[in-house]
Amino acid sequence: MDPDNPVVRLCVQGMTAEAEGRADDASALFRQAWDAATDDYGKCVAAHYLARHQPTPAETLRWNQECLDRADAVGDERVRGFYASLHVNMGSAYRALGDPAAAHRHFVRAAAHIGDVPPGSYRERLVTALAEGGQDALGA
């Protein structure tokens with residue numbers, strides 16, 4: 001991601017606020033990022049972080065779906081590595097809403113995209129999420 005992109009900068013500030021335990025500040029920064037975004041890529045990035053600060057599982061799902069829809073609209077290499085995470089988030093949201101079939105479909109899709117995520121701790125966290133939430137998704 002381009003650190004000079006204003007949406008990315010706001011999201012980085014929001015992640016810093018999260019790490020410091022300032023959830024309200026983080027949420028406000030992610031909302032500012034959404035408002036500042038002028039294209040589907042920026043909206044995708046901001047929606048990802050907004051989803052993490054929703055008061056209900058239904059709103060979390062709505063923002064995760066927004067993020068996925070925006071990634072699909074971008075449709076190029078900039079978002080290719082996002083799909084494993086996006087589908088893990090969708091699966092987790094559906095699981096929280098009590099829809100295991102929809103959750104499983106997204107965990108399977110996440111597993112299909114895990115190869116697009118570079119090796120490292122982020123990928124390892126996604127694999128762990130798949131193992132915990134997707135049960136057999138990695139083998140599907």
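I looked up tryptophan 34 and tryptophan 63 and found both buried (under 20% relative accessible area, with exposed over 50% and partly exposed in between, 1.4 Å probe, protein chains only). The model is predicted, so I note that local features need pLDDT of at least 70 and side-chain atom pairs pLDDT 80 or more, while totals for chains, interfaces and linings use all residues. Residues are numbered from 1 along each chain as its sequence is written, and side-chain values use heavy atoms, without hydrogens and water.

Aromatic pairs. I searched the whole structure and got three (rings of Phe, Tyr and Trp, the last by its six-membered ring, with centres within 6.5 Å; planes under 30 degrees apart are stacked, over 60 edge-to-face, the rest tilted). I entered phenylalanine 30 and tyrosine 49 as stacked, because their ring centres are 5.0 Å apart and their planes at 20°. Phenylalanine 30 is in helix 2 (residues 23-36) and tyrosine 49 in helix 3, so this pair ties together parts 19 residues apart in sequence. I take helices as DSSP runs (H or I, at least four residues), numbered from the N terminus. Phenylalanine 30 and tyrosine 49 are buried.

I entered tryptophan 34 and tryptophan 63 as an edge-to-face pair, at 4.9 Å centre to centre and 90° between the planes. This pair links helix 2, which holds tryptophan 34, to helix 4, which holds tryptophan 63, 29 residues apart.

Charge over a ring. I found the charged end of lysine 43 over the ring of tryptophan 34, 4.1 Å from the ring centre (NZ of Lys or CZ of Arg within 6 Å of the centre and within 35 degrees of the ring normal).

Helix 3. I checked the span of its twelve residues: 16 Å is expected at 1.5 Å a residue, and the end C-alpha atoms are 16 Å apart, which agrees (expected span is 1.5 Å times one less than the number of residues). Eleven of the twelve residues are buried, among them Lys43, His48 and Tyr49.

Second largest pocket. I read its volume as about 250 Å³ (space filled by probe spheres set on grid points joined across faces, edges and corners). A pocket is an open set of points on a 1 Å grid where a 1.4 Å probe fits, with protein on both sides within 12 Å along at least five of seven lines; lining residues have an atom within 4 Å of a point. I list 14 lining residues, with His48, Arg52, Ser85, Val88 and Asn89 nearest the centre. Helix 6 gives the largest share, five residues.

Terms used:
Helix = DSSP H or I, 4+ residues; strand = E, 2+ residues; numbered from the N terminus.
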